Each structure stands twice: as C-alpha cells, then as structure tokens.
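Visitor: I have just opened this entry and would enjoy a guided tour. Could you take me through it step by step?

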Amino acid sequence: MKKLIVLFVLLIGVVVFMYSILSVSLKKDVFVFEYGKQISIDEQSLFKDSFIEPDQIELDVSSIEMEDKYPKAGEYLVEVKYQVLFFNQSKTIQVKVEDRTKPEIIQKNEIKVDVNDRDHDFSSDFDIKELSDYDISFDLEKVDFSKSGIYEATILVEDIYHNVSSSSFEIEVVETVSAVQNLSTSTEVNGILVVNKKHSLPSNYAPGENIEAKNQFVKLIADMRANGLQVSDSYSGYRSYEYQNSLYWNYVNVYGQQQADTFSARAGYSEHQTGLAFDLMQPNGALLQSYNESVWLANNAHRYGFIVRYPYGKENITGYVAEPWHIRYVGEQATAIYQSGLCLEEYLGIQGGDYN
Ligand SMILES: [Zn+2]
C-alpha cells in the first residue's frame, strides 16, 4: 500500500513537471522596433507564467546585425534560453527592426530662380532628416519658368522603406536683365519696328531720338496750341535700355511687378527705346489725359505720322492700359492705321498681349 502511494505521488510529480514545461508560453513572439533606436526586451515580461525567474532567462541576440550604434533594419530570429526546474529550454522570437518614421523636410531658404532657368537644383534648397536612404522628387507642373511670378510646387521624399513625406513650397521666378535680353527678338513688319510685350529690342539698340519723328512732333504740339488746346513743351521721348530698366524696377518696388507691368514696360520692351515714341504732358506736368486734348490727339495725330499706340478697348491686344498721351511715329501708314480703327498689333497681324 505504501509503495502504491509513493508511486502515485511520483506520478503526480511527473505530470506536474511535464505540465509545467509544456505550459510555458511567450506572451508574444514578434517584437517590432523603430530603426535608429536601441532594442530592449524586458525578460520579465516575456512569459505568460511568471514562475520563471528573470535570472533564468537569457536572450541570444548575436543574430542582430549592428550598424554604427543601432541595429540595422531587418528581421532577426532571437533565441530565448530559460530554465524550468533545472531543465534547459529554449524558444525563438522574431525581432523586426523597421523604419516607420517619415522623412522630415526642412526648407532652408526662399527659393528664387531666373526666368527660363529650368536646371536649378531644388534639392539644394532643402534639408532632409532621414536615417535611411531616400529619393527626392519635385512636382513643378504649376511652375511657368518662362514667366516671372510666384508658383506653388511640391517636394516628395520617400525612404527605402516607403515612408513618404511631401510638402508644398513657393518658387519665385524672377525676371533679370540678362533673361529679358534672351526672351525674344525684334520684329519689323511693313517697315514698322514692332515693340510690345512679345517683341523686344536688344539692350544695345540705342538710336536716340528720331529726327524726323521729333520734327513732326514739334509741328503737332504747335498745332495743338494754335487750336487752343492745353499742352506742355515738356515731353518724354527717347529712353535708353538702361534708363527704362531703372524706371521699371522703381515701379516694381513701389507697386509690385504685376501692377507695374500694366503701365510700365520692362527694359527692352519699351517703345520709347525706338526713339519714335513720345508722351505728351499737360501744362501741370501730368501725362496728358484731359478730354479735349485726348480726343483731338486721337483724331489728328495721324496727320503728322503718329498713332495713339495704346487705345481704349485694345488693352488685351496691346498689353497696356489705355495711354491717351503716348503717340508712336509710323510715318505714311499712320492714316491707314487710324482709318482702320485697329491697334498696331491688329493692323500688322502680329502677336501682342502680355509677356510670354
Ligand atoms: Zn509712353
């Protein structure tokens, strides 16, 4: 009977022992860590059953590859060795080191490019904070490099683990003197030199005041006076490229470029550089726009070889708001142009309007 009890107790002991070995299980077997940080696995919290002492657990992390100070991104198998009732056991856990952090995009400076500078390296305008290798791409679809202005663009950064960041930013396309020179070439149609926002003059075109035009202008002023109209001896005639350049940029600084472009020409785009254009003035020094004088000029300038170059209603074609004071010498063709009711662009069949 005693033997039987001893045997029974032993049997129970074996069952408990087997059960305790088999029942040891991990809380989880996949551990995910962020790339660029140290890995730490709390041994005490590895097992569901807490009767295994922490000092009886050992992790074999030799499989984890290191890269500088931190584990390299990847998947590793780590052996967990532990003791149950003096018996050595082991289980395997999976350690994943993943880059789940999006790249950080920092714009370093305001971004300005010259007109038509399509080769600008925009990546040099940004700092990217990202531990993994990455690609930068730009969406410049909305940017018109041929025209000054402020445009929206997008930078997109994707690391090799497909974390993506994007950010929109502004690109200012800036007209510079050298860019202006390259934009277009001068055009002559029917012997008339055309200067507008689509047709420019080179910076070295400097003919001075045209003598024939000036003589006709003097006659015109004299006849206006003889007709009792109020007009000044002062006028604005020939302007060099350099003078127009400083004039234009003074306006840009005061009114902004968009506004300045409606009433002042960029250097190379002013008719005053031809020596054939004159701005009439009122006796008080203002540009001439008094009613009687304007009407007389519109209807009579052609008799002296002039046209009022920027008429009302043609703003979209000439590219300028109406300027009743600005006359342009075209010689014999002035009367035909006046009688046609067309502006010069329409009459010659050439492109006008805004800058490209
Ligand atoms: Zn003018």
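Guide: Happy to! Before we talk about domains, note that their bounds come from an automatic or database domain assignment. Also keep in mind that this is a predicted model.

Visitor: How far apart do the C-alpha centres of domain 2 and domain 3 lie?
Guide: Let's place them along the chain first. The assignment gives domain 1 as 24-98, domain 2 as 104-174 and domain 3 as 185-348. Between the C-alpha centres of domain 2 and domain 3, the distance is 42 Å.

Visitor: Over which residues is the pLDDT below 50?
Guide: The protein as a whole averages a pLDDT of 89, and 96% of the residues score at least 70. One stretch falls below 50, although in the model it has 18 contacts beyond near neighbours in sequence. That stretch is residues 177-184.

Visitor: Which arrangement do the 4 donor atoms around the zinc ion make?
Guide: The protein donors are NE2 of His272, two OD entries from Asp279 and ND1 of His326, lying 2.1 to 2.7 Å from the zinc ion. In sequence, the donor residues follow the spacing H-x6-D-x46-H. A tetrahedral call would need all angles between 85 and 135 degrees. The angles here run from 53 to 149°, so the arrangement is irregular.

Visitor: Is the donor residue His272 buried or exposed, and what about Asp279?
Guide: The cut-off for buried is under 20% relative accessible area. His272 has 3% relative accessibility, so His272 is buried. With 5%, Asp279 also counts as buried.

Visitor: Why are the buried residues of helix H6 on the same side?
Guide: Helix H6 spans residues 291-300, and its buried residues are Glu293, Ser294, Trp296, Leu297 and Asn300. They share one side of H6 because the arc they cover around the axis is only 165°.

Visitor: Which residues are exposed on the other side of H6, and what do the buried residues pack against?
Guide: Let's take the two sides in turn. On the other side of H6, the exposed residues are Tyr291 and Asn292. The buried residues of H6 pack against helix H3 (211-226) and strands E16 (277-280), E17 (306-310) and E18 (323-329).

Visitor: One last stop: what separates the C-alpha atoms of Ser246 and Arg266?
Guide: Ser246 sits in helix H4, which covers residues 241-255. At 38% relative accessibility, Ser246 counts as partly exposed. Along the chain, Ser246 and Arg266 are 20 residues apart, and their C-alpha atoms are separated by 9.3 Å.

Technical notes
Residues are numbered from 1 along each chain as its sequence is written. This is a predicted model: local features need pLDDT of at least 70, side-chain atom pairs count only at pLDDT 80 or more; totals for chains, interfaces and linings use all residues. Side-chain values use heavy atoms; hydrogens and water are left out. Buried means under 20% relative accessible area, exposed over 50%, partly exposed in between (1.4 Å probe, protein chains only). Helices (H or I, at least four residues) and strands (E, at least two) are DSSP runs, numbered from the N terminus. The arc is that of the directions from the helix axis to the C-beta atoms. Contact means heavy atoms within 4.5 Å. Donors are N, O and S atoms within 2.8 Å of the metal (3.2 Å for Na, K and Ca); water is not among the atoms, so sites may look incomplete. Four donors count as tetrahedral if all angles lie between 85 and 135 degrees; four count as square planar and six as octahedral if opposite donors are over 155 degrees apart and all others between 65 and 115; anything else is irregular. pLDDT is the predictor's confidence in each residue, from 0 to 100.
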